[in-house]
Amino acid sequence: MWRGVTQAKPIRTGASFVGLGTHAHRLVFYPISAANEETGLATINWIAEIVVDQSQDWGSGDWNKRVDVEDFIHHFVEWDYDWLDVPELLKGADSAYEYPMVDLDLLPSWVDGRVALLGDAAHVMYPTGSNGASQAIVDTRELGAALIQHGVGPSALEAYDDKLCKDISEVVLRNRGSGPFGILSEIEQRCGGVFDDVHAVISKDEIDEFMAGYKRAAGFAMQSLNEAGHTITPGSKVWK
């Protein structure tokens, strides 16, 4: 995957998160600033992705490798639509960075005796669901809640592990299968990605259910989040 930011006009609502393409070849972009009142331009964060053959040597596994846009723009040179010029968007970045997308086999447990893992150490996953950093925060809150409830010791770590390890492993597997962007592959399989009306290919109800399934697994379901109580009761402490 390659990442960069470009000054460009936001589309649709002006705050829309857009993903297009397929599991093997896609672009994701969204604004990370408000549009300038004079120019109408916002800072657009974009991520360009392709799937490569893992049997061949990809080369460097650097996580912060700066590259020239020309090194990868050929994958997207034909993506010029009346509502979006992808090559122009990519070329507008001052810099671009290349990242290998890798994950690790799932752990049966995040706990070993008096040691517990959280965040990427526990469940490194493909960054396709925008939930890597947020999940680390959830882990921390749940671990804190377990320590308050069970005291500082192995029982708290076991409770934390029992609550999260299995469910978050499901999120890891969903992200490995392209996470919420799996809907793009479903459309690709049905019509080759060519359509005049997407709802003639897949119904709105199917799309909504697909996205809701991911949100439920990742803990992003809006109603559940809004109705949930505090993970840690305000004022609670591990030590009195």
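**Exercise 1. Locate Arg-12 and describe its backbone and its exposure.**

Step 1. Arg-12 lies in the loop between β1 (2-8) and β2; strands are DSSP runs of E with at least two residues, numbered from the N terminus. The model is a predicted one, in which local features need pLDDT of at least 70, side-chain atom pairs count only at pLDDT 80 or more, and totals for chains, interfaces and linings use all residues. Residues are numbered from 1 along each chain as its sequence is written.

Step 2. Phi of Arg-12 is near 55°, a positive value in a residue other than glycine. Most residues other than glycine have a negative phi.

Step 3. Arg-12 has a relative accessible area of 76%, so it is exposed (over 50%; buried is under 20%, partly exposed in between, with a 1.4 Å probe and protein chains only).

**Exercise 2. Work out the strand order of the open sheet and its edges.**

Step 1. The order of the six strands is β2-β3-β4-β1-β6-β5, with antiparallel pairing. Two strands pair if DSSP finds at least two bridges between them.

Step 2. β2 (18-22) and β5 (65-67) pair on one side only, which makes them the edge strands.

Step 3. Inside the sheet, β3 (residues 25-31) and β4 (residues 42-50) run antiparallel and are joined by seven bridges. Val-28 has Ile-47 in β4 as its bridge partner.

**Exercise 3. Place these details in the whole chain.**

Step 1. The protein chain has seven helices and eight strands; helices are DSSP runs of H or I with at least four residues.

Step 2. Of the 240 residues in the protein chain, 36% are buried.

Step 3. The C-alpha trace spans about 60 × 45 × 40 Å along its principal axes.

Technical notes. Heavy atoms only, no water.
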